Structure formats: structure tokens, C-alpha cells
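Biologist: Could you take me through one part of this protein slowly, as you would for a first-year student? I'd like a close look at the largest pocket and what sits around it.

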Amino acid sequence: MPHPLILSRFISSFLLSLFLLSAFLQTVVGKVKISDFAMDPCPFLRILVGNLALKSPSLLPSKSEFSLVHPSSSPFFCKIKLGSFPSQFATVPLIPPEAHTPDDVVSFTLTRKDIEKLGEKGIFSSKEPRLQILVYTGRRGSSCGFSAGKLLGRVTVGLDLKGAAAGRACVFHNGWVSVGGESTQLHLSVRAEPDPRFVFRFGGEPECSPQVFQIQGNLPQPVFTCKFSFRNSGDRCLRSRSSLSETSTSRSWFSSKDDDSKERKGWSITIHDLSGCPVAAASMTTPFVPSPGSGRVKRSNPGAWLILRPGEGTWKPWGKLEAWREPDGLGHRFELLPDATGRGAVTLASSSLSTKKGGKFTIDSRGFVMSSTVGGEGRCSTPEVEVGVKHVTCTEDAAAFVALAAAMDLSMDACKLFSQKLRKELRRQRSEEFVV
């Protein structure tokens, strides 16, 4: 039987080992939680203006005429202004007094800095921010620098943002208000809703394989790495996670005589977590090729990306992004694929961005989903991605949106006129063997 002193020392040593192991595991678990976005999201606030309608006995046509007027062809529109934000426009339908108001919504998105700026007291302004709604009759447009519509009246709604900034939904106005005379009334609702978002920022251009940081206040924390690569033309698009992870470590693929001036194909970007595990990918599945005689990718034959997520040991298609070149813009369409919804493909975004200035790619489907900045042609682009908190439950959720943002940004280059040369990172490197 061991000596009591020796036994005591053995037990003490064993307990100390357990303590150190426990501390180590807690540290690891803590890190996993951070990488799984246990960090607090950034506070955002949405100011929503909706239920717009106009009624006036003097403006209302007869019942027979009114039945022929569709709300979208209403001869009234409004201009909505809030501080230094870009003005927004909305059609205002003319309705009978007994009709229900429509629920079309215009929104402004505010960060904490925006809220603070709106609340600043100036020499010529009150401290309480105000929303202005200017109602016009006529068609929206301009002539010789002046608005083509005739101003019917204006409404001002005060916004007390204290409660909303504290995370509470607030209603500032909901009902009818006189505009342009007592007989003419405008119906509107103005409310604020908290809209917290995770914010990610690329540490460089996607084709340069940068880190991706999560932003909380002024604190950037690395959460992902990107790896840009070229797929071999003979590769299957969908491969196992391990296979794609291995191929993405290659700087370039063997290429016989691929000519980037004739087509742009095989681009791929893989998103890894900090442990090096691939958690999302974007793969160019339809080459970007110029239409005959045009030198540009047209809408009739767009290039396409598949956005992939891991599942059951392989990659599963989650979304499809199509892009093409318009005369002055980058046209795009994003669909959520059947495997992700359990039903047919759902188009979540379809719009265009300026090729000169760039812009913001946005998915706003029954509420904000995500947005990402896209740089214009010839500009250094480090996308910033915002994702609504309710759409992120795990690392893979966030990574899929990051991959989509990278594909959208790279589409600006893929749709560049074929008479212009791509930067070297986007040109296939010729080699005589695989680079592993």
C-alpha cells in the first residue's frame, strides 16, 4: 500500500491537472463562442415610413373614373427627407375615404453615429430630429433643373430617438394629417425598429486572399480568411469539403492556353474559419463571356456563381448569383436555391450598381437580410458586409453571406469590358504543373 504522503501528493497533482485541463477547455470554448459570433452585434435602427395614402373630395375622381386608376399610376408622389441622408421617393395613391391604406414602406437605416449626429444641436436646428414629407402632384422628374411636380403640401414629424436607441420599437405617428388645405389629408405611419447587425470587413481585395474582420464599435477582430484560386476547367464544380479545401491551397492551376480576353472562368473563393476549416465558398460555374460583337457580358447570357455551404461531408448549393454588364452599370440577380428553402428558387435581389462609383448590394426581403459594398471599376475595393442578426445562428451562416459579398465584388471585374485588361491577381498563371 502506498505511503499516505505519497498518495496525498499524487491526489494533489491529479487534482491540479484536472484544474488546468478545465481552465484550458474553458478558454477553448470561450474562443469557439467568439468565433461563432457570441460577440454583441452593432446597433442599427430603421426608420420606417409606410401606409402612405391621400384623400381629398376636390381631388378624387368619380367612382367610374376611380375604378380605372391603378395605385401605381397615381398622379401623386412624395419626397421623404431625413437629415443629410439621401432623399427617398414613394408613390402616394389617391383613395376613397372608406378604403384601407396600403402598407408600402420606405426606410432609413441609422447607425449609432447617425443617431448621435441627428441629435446634435445646431445654431439653426432643433435638437430633436425631424422627418419631412413633401407631397407633389404630377409626374416625378425634373425639367431644366427644377422638379416637374407641383408641391401640394408638406408634413413634419418629430423623432424622439431616445427610446429607439435604447433598443425599443417606437411609433412616432400613425394616422391622417392635413396637407395643402383642410380638405386634403395624408395618411402615413412613421416608426422606428431596432435592427442589430453583424458587420464584417475584408482586410483587402477578395482576389488578394485577405482576412475578414468582425467589427464591433472600433474593435476589429479576425474571424475568417479568404482564399482566391482558379479551378481547373476539367474540375467538377461541387466537390467534397476536404477536396475543395486542398485545391484552394493551390496558387494556380495548370492551364493549356486559356485566354482571359475571350472568357473569364474558374474563379473560386473559399472562406475558412480561424482553425483553417472551410465554412463557405463561391464558385464561378457559368463563364463570363462577351456577346458577339459587343465586348461585354449581356443580360441574355450572364455569368453565374454558386454560393456553397458545407453539409454532410460535401458542399451544398445555397444560392446562385448572376451578373452582367449594362451600359452604365453592373446588373445582378440573386436566388436562394431549392435545397435551402424546400421549395422553388426564390429571387431575393435583382438590381444594378454603377460601374463607375460602385454601390451597395442589398437583400431586403420582408426586412433587412444583408448588404455589402461594391467598389467601382479601377477602385480599391474592400467590401464591408452587414448581416441581420436573425439570419446568423452559426459560423456557416455568416460565412455564406461573406462568400456572396466576395462573389458580388469580383463580378465587377468579371463583367469588365473585354477590351480592358484584368489585374494580375485575376489572370490565370500559366504553369507546366499543378502548384500545390
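Modeller: Here is a walk from the pocket out to the salt bridges, the sheet and the cores. Keep in mind that this is a predicted model.

Let's start with the pocket itself. The largest pocket has a volume of about 800 Å³. Its lining is made up of 28 residues, and those nearest its centre are Phe44, Thr111, Asp114, Glu384 and Glu386. Several elements give two or more residues to that lining, among them strand 1 (44-55), strand 4, helix 3 (112-118) and strand 22. Strand 11 (197-202), strand 12 (211-216), strand 20 (359-364) and strand 21 do so too.

Now hold on to Glu386, one of the residues nearest the pocket centre. Salt bridges with shared partners link Glu386 with Arg46, Asp195, Arg197 and Asp364 in one network. Inside that group, you can zoom in on a pair: aspartate 195 and arginine 197 form a salt bridge between their side chains, 2.7 Å from N to O. Both aspartate 195 and arginine 197 are buried. As a general idea, side chains of opposite charge can pair when their charged atoms come close.

Strand 21 also leads us to another charged pair. Arginine 325 makes a salt bridge with glutamate 377, with 2.5 Å between the closest N and O atoms. Arginine 325 belongs to strand 17 (residues 314-325), while glutamate 377 is in the loop between strand 21 (368-374) and strand 22 (384-388), so this salt bridge ties together parts that are 52 residues apart in sequence. Are these two partners buried or partly exposed? Arginine 325 has a relative accessible area of 8%, so it is buried. Glutamate 377 comes out at 23%, so it is partly exposed.

You can make a similar check on arginine 423 and glutamate 425, whose salt bridge has its closest N and O atoms 2.8 Å apart. Glutamate 425 has 18% relative accessibility and counts as buried because the cut-off is under 20%. Arginine 423, with a relative accessible area of 29%, is partly exposed. Across the model, the salt bridge count is 15.

Next, go back to strand 1 and strand 4, which both help line the pocket. They also belong to an open sheet of four strands, in the order 4-1-10-9, with antiparallel pairing. Strand 4 (105-111) and strand 9 (170-178) are the edge strands, each pairing on one side only. On average, neighbouring strands in this sheet are turned by 15° against each other, ignoring direction. Strand 9 pairs with strand 10 (residues 185-194) in the antiparallel sense, over eight bridges. For a spot to find on screen, look at asparagine 174: its bridge partner in strand 10 is serine 189. In general, strands of a sheet pair through backbone hydrogen bonds.

Finally, look at the nonpolar side of things. The largest nonpolar core has 55 residues, and Phe200, Phe224 and Trp267 have the most contacts inside it. Helix 7 (residues 395-414) supplies the largest share of this core, with 14 residues. There is also a second, separate core of 32 residues, including Ile47, Leu82, Val157 and Ala164.

One last stop is leucine 348 in strand 19 (residues 346-354). Leucine 348 has 22% relative accessibility, so it counts as partly exposed. Its C-alpha atom is 6.1 Å from that of isoleucine 363, although the two residues are 15 residues apart along the chain.

Definitions and conventions. Residues are numbered from 1 along each chain as its sequence is written. This is a predicted model: local features need pLDDT of at least 70, side-chain atom pairs count only at pLDDT 80 or more; totals for chains, interfaces and linings use all residues. Side-chain values use heavy atoms; hydrogens and water are left out. Two strands pair if DSSP finds at least two bridges between them. Axes are lines fitted to C-alpha atoms, for helices over the stretch in contact, and angles run from 0 to 180 degrees between N-to-C directions. A salt bridge is a side-chain nitrogen of Lys or Arg within 4 Å of a carboxyl oxygen of Asp or Glu. Buried means under 20% relative accessible area, exposed over 50%, partly exposed in between (1.4 Å probe, protein chains only). A nonpolar core is a set of buried Ala, Val, Leu, Ile, Met, Phe, Trp, Tyr and Cys residues joined through side-chain atoms within 4.5 Å. On a 1 Å grid over the protein atoms alone, a cavity is a set of points where a 1.4 Å probe fits but cannot get out, and a pocket is an open set with protein on both sides within 12 Å along at least five of seven lines; lining residues have an atom within 4 Å of a point. Grid points are joined across faces, edges and corners, and a volume is the space filled by probe spheres set on the points.
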